[in-house]
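Student: I have a two-chain model open and want to go through it. Can we start with how the copies sit relative to each other?
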There are 2 protein chains.
Amino acid sequence: MDLIKNDFIEFIKQRKSVRSFIYQKIDKETILNILEGARWAPSGNNSQPWRVCICIHPTVKRMVAELSKYGGIIEDAYVNLVIFLDLERGYDRVKDLQGIGAFMENILLGVHAKEDIGGVWIGEILNRKEEVNEIFKLPTDKFELMGIIAIGHIDDAREKVRSKERERRSIDEFTEWY
Amino acid sequence: MDLIKNDFIEFIKQRKSVRSFIYQKIDKETILNILEGARWAPSGNNSQPWRVCICIHPTVKRMVAELSKYGGIIEDAYVNLVIFLDLERGYDRVKDLQGIGAFMENILLGVHAKEDIGGVWIGEILNRKEEVNEIFKLPTDKFELMGIIAIGHIDDAREKVRSKERERRSIDEFTEWY
C-alpha cells in the first residue's frame, strides 16, 4: 500500500481517454471489481444516487450507439456502463451531480488500473437522454441519464495520442493562496 | 506502477472522511502535489471549470468557519481548499458539476495517498455560499461555491470510526446487466 501512495499522482496523471478497442472479452469479475471501487465514491448525505446499466449485449449496444455521434466507440467497446442519476435517492441537485462525477471518476480510475483496458466518458449522449431511458425502460421522472463510460481492451495500433485533450491549466492559473 | 494497479481498488475503498486534526504544518509542496493530481480530472469539453482558494491563514479560516456548523473542522484543518465553479469556463450545468465532482474526488484521493494526512468534503457550506464569495472577493455571477475540502494531519486519538458513513449499497442494488 505504500507504493501505491507514492505513485498515486503519477497514476492519476497517466489516465487518459481511450477510444479504440479490440474485441476481446472482459471478465465479469473485472467489471465487478471496477464497480467495487466506484461504489466507495463520496456523495452528499451518503445518498449514493447512482444507477448503472451494464451493457454488453450487441443489440442493446447498437440501440444506444445509434443515439450518439460516438456510436462507433460504443459499439467497439466490450462493455458500456450507462449511468443514471436515481432521482428518488438524490436530495440536492448540485451535490447529486457532484457525487455522480466522483462516482464516474472512480470508474475511470478503476479502468485505468486494469492492464490493457481503457475507457472514455461520453457526455454527448445526454442530447438524446430520453431515448436512452426508453431503451432501458427507465421512467424519466425517476432516472436521469448522466453519461456513458465505454470500456474495452485498448487497440494500441489505432489509438491516437490526442495532445489537446491532454492539456490542463497550470495550478497557478486556477488557484489563489490565502 | 504495477503494484499501484493491483492495489488500487483497496486504496480507493480505504479512503474515508477525516474530521479530527492535530495542528501541524503541511508543506506547500504537498498541497501542490495534491492539486497536481486533481487538475488531471476529466471535464466536459476539457473545460476544467474549477477555481480553488487555498486557505491557510487563521483569520481567513475563521471567517469561513463562522459560516458552517462544521466550523470547528475548518478551523482545525491546516488548509482548506475552497472550491468554486468558474461559471465563465463552464458550458453545461450538468457536465460542469460532474467535472467538479471528479476534481474533488481526485483531491480526496490525493489526500488519502499522503501519509498521516486526511480530509473531508464539506458541502453544507453551500447554504451560505454568497457570504463565502464575499470573503474571497469573488463575484457571484462569475464564481459559484462548490464545497470545501478541509485537510490536516490526522488526530488518531480523536478520530472516530463512523460506521454509518462507511456503508455503501451493494453492486447488485444499483446495477442491471444487459
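Student: What turn and what shift along the axis lay chain A on chain B?

Tutor: A turn of 180° and a shift of 0.0 Å along the axis, with an RMSD of 0.0 Å. The two copies are thus related as by a two-fold rotation axis. Keep in mind that this is a predicted model.

Student: What ipTM and pTM does the predictor give the complex?

Tutor: The ipTM is 0.95 and the pTM is 0.96. For chain A, the mean pLDDT is 94, and 96% of the residues reach 70 or more.

Student: Now the interface. How many residues of each chain are in contact with the other?

Tutor: 61 residues of chain A are in contact with 61 residues of chain B. Six elements of chain A each supply at least two residues of the side that touches chain B: α1 (2-14), α2 (28-38), β2 (50-55), α5 (93-112), α7 (171-174) and β6 (175-177).

Student: Which one gives the most to that side?

Tutor: α5(A), with 14 residues. By type, the residues of the side of chain A that touches chain B divide into 34 nonpolar, 13 polar and 14 charged.

Student: Why can one say that the copies meet through the same surface?

Tutor: Because 100% of the interface residues of chain A are also interface residues in chain B.

Student: Which strand of chain B does β2(A) pair with?

Tutor: β2(A) pairs with β6 (residues 175-177) of chain B, in the parallel sense over 3 bridges. Within that pairing, V52(A) has T175(B) as its bridge partner. Going the other way, β6(A) and β2(B) pair in the parallel sense, over 3 bridges, and W177(A) is bridged to I54(B).

Student: What else does β2(B) pair with, and in which sense?

Tutor: With β3 (residues 79-86) of chain B, in the antiparallel sense over 6 bridges. There, C55(B) stands opposite N80(B). As 5 of the 6 residues of β2(B) are buried, the strand is largely enclosed by the rest of the structure.

Student: And β4(B), how many of its residues are buried?

Tutor: 6 of the 6, so β4(B), residues 117-122, is largely enclosed by the rest of the structure.

Student: Which of them point which way?

Tutor: I117(B), G119(B) and W121(B) point one way, while G118(B), V120(B) and I122(B) point the other, and all are buried. That fits the general rule: in a regular strand, side chains alternate between the two faces of the sheet. β4(B) also pairs with β5 (residues 143-154) of chain B in the antiparallel sense over 6 bridges, with W121(B) opposite I149(B).

Student: Switching to one residue. Is I83(A) buried or exposed?

Tutor: Buried: 23 other C-beta atoms lie within 10 Å, and the cut-off for buried is 20 or more. I83(A) is in strand β3 (residues 79-86) of chain A.

Student: What does I83(A) touch?

Tutor: Leaving out residues up to four places away in sequence, I83(A) touches W50(A), V52(A), I100(A), M104(A), M146(A), G147(A), I148(A) and I149(A). The C-alpha atoms of I83(A) and R51(A) are separated by 5.9 Å, with the two residues 32 apart along the chain.

Student: Last one, α2(A). Which residues are buried there?

Tutor: I31(A), I34(A), L35(A), G37(A) and A38(A). They cover an arc of only 155° around the axis, so they are on the same side of α2(A). The face turned away from that buried side carries the exposed residues K28(A) and E29(A).

Definitions and conventions. Residues are numbered from 1 along each chain as its sequence is written. Chains are lettered from A and ligands numbered from 1 in the order in which they are written. This is a predicted model: local features need pLDDT of at least 70, side-chain atom pairs count only at pLDDT 80 or more; totals for chains, interfaces and linings use all residues. Two residues are in contact if their C-beta atoms, placed from the backbone, lie within 7 Å. Helices (H or I, at least four residues) and strands (E, at least two) are DSSP runs, numbered from the N terminus. Ala, Val, Leu, Ile, Met, Phe, Trp, Tyr, Cys and Pro count as nonpolar, Asp, Glu, Lys and Arg as charged, and the others, Gly among them, as polar. Two strands pair if DSSP finds at least two bridges between them. Copies are superposed by least squares on the C-alpha atoms of residues with pLDDT of at least 70 in both. A residue is buried if 20 or more other C-beta atoms lie within 10 Å of its own, exposed if 12 or fewer, and partly exposed in between; C-beta atoms are placed from the backbone. The arc is that of the directions from the helix axis to the C-beta atoms. pLDDT is the predictor's confidence in each residue, from 0 to 100.
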